[in-house]
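Reader: Got a minute to walk me through this one? I'd like to start with the sheet.

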Amino acid sequence: MLKFKRSNMCKSRRRPSWSTVFLNFFLGIIFGLLVGIVLSRPESNGLNSYARDYLNILMNIAPTPATRGENFIYVGVMTTAKYLPTRASAINQTWAKTIPGKLEYYPGIEAKAIETDLPVVIIPGVDDSYPPMKKAFVMLKYIHDNFIDKYEWFMRADDDVYIKGDRLEEFLRSVNSSKAQYIGQSGQGSPDNPANMEVWENFCIGGPGVIFSRETLRKLVPKLSFVMKNLYTIHDDVEIGRYIKEYADIDCTWSYEMCQLFFHNHTSPDNSFTGDLQNPQVHRAISMHPIKTIQNLYRIDAHVNTQSIQALNLKVADRKSVV
């Protein structure tokens with residue numbers, strides 16, 4: 001099989017204005033003071049007990065508009081036995097709690113030797129070899145066979161991503177889940193690559209997460225036995241995109257906005273989101289990838305929770321001003 005050249009469709013269009021820079025700097029000071037008050041020391045889930053209780057109180061005063069659905073989305077996180085005690089555990093203590101539905105982890109059979117309380121699915125015959133082509137396809141089949149009628153949406157995620165579950169729900173409630181949908185950040189092959197076939201145009205990059213509707217999985221999964229015998233590259237996201245185009249006749253969502261919502265750092269992945277988090281990319285994103293250390297994942301989670309507290313404080317202030 002061939003290695004695949006990926007072209008970056010999501011390069012930044014312009015540099016921020018000085019007014020934006022100044023505003024971000026000012027907000028950074030405000031957020032920093034708030035962090036200093038409520039996040040005196042990070043705990044396992046990114047919030048200390050005071051901040052967590054405070055957030056819960058505010059949530060009761062000013063609930064989010066959308067009612068959280070227990071059966072809204074199923075998220076399958078691809079991981080390995082190596083990262084189950086670290087990355088997967090960190091996800092379970094942070095953003096997994098915001099998912100309006102069910103989240104499970106998919107390590108290889110090597111994880112049988114690990115004792116864990118995490119919701120783990122170990123599929124016989126699927127190991128942690130890289131690239132995880134077989135794991136990706138078999139996971140989709142398992143999800144289809146066990147959950148297709150229980151959830152509106154389905155998501156394939158990596159173990160080095162951060163997802164804002166409330167923002168994800170808000171976004172997906174604006175999309176028709178009864179139609180074939182294939183959502184994420186779009187990638188495209190190089191025109192001079194032999195794998196660039198006419199049968200597909202683009203694919204959703206796996207890193208920041210790929211979302212499927214029921215109808216999409218219904219059209220793809222019955223063909224997977226054929227698909228796995230007819231692969232052109234070593235990249236599961238490329239092959240999934242190729243065959244979704246063939247069998248569901250849809251492409252990955254193609255727009256600059258999707259690049260911002262499902263953000264993948266193409267330029268410096270090893271240092272992603274290690275600097276100042278007070279920037280438009282972090283604020284706009286529904287998902288952020290890659291997060292290479294669990295310490296940084298906790299840091300991002302603390303930042304996102306702090307922003308939530310500030311937003312809820314503003315709602316409470318608005319309510320008091322009306323009264």
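Reader: So how many strands form the open sheet, and in what order?
Author: 5 strands, in the order E3-E2-E4-E9-E6, with mixed pairing. Strands here are DSSP runs of at least two residues and helices (H or I) of at least four, numbered from the N terminus; two strands pair if DSSP finds at least two bridges between them. This is a predicted model, where local features need pLDDT of at least 70 and side-chain atom pairs pLDDT 80 or more, while totals for chains, interfaces and linings use all residues. Residues are numbered from 1 along each chain as its sequence is written, and side-chain values use heavy atoms, leaving out hydrogens and water.

Reader: Which are the edge strands?
Author: E3 (101-106) and E6 (182-183), each pairing on one side only.

Reader: And how many bridges join E2 to E4?
Author: 6, and the two strands run parallel. Met 78 stands opposite Asp 158 in E4.

Reader: Switching topic: which cysteines form a disulfide?
Author: Cys 204 and Cys 252, with sulfur atoms 2.0 Å apart (the cut-off is within 2.5 Å). Cys 204 lies in strand E8 and Cys 252 in the loop between H8 and H9, so the pair ties together parts that are 48 residues apart in sequence.

Reader: Are those two cysteines buried or exposed?
Author: Both Cys 204 and Cys 252 are buried, meaning under 20% relative accessible area with a 1.4 Å probe, protein chains only.

Reader: What's the handedness of that link?
Author: Right-handed, with 100 degrees about the S-S bond.

How values were computed. Buried < 20%, exposed > 50% of the residue type's maximum accessible area, 1.4 Å probe, protein only.
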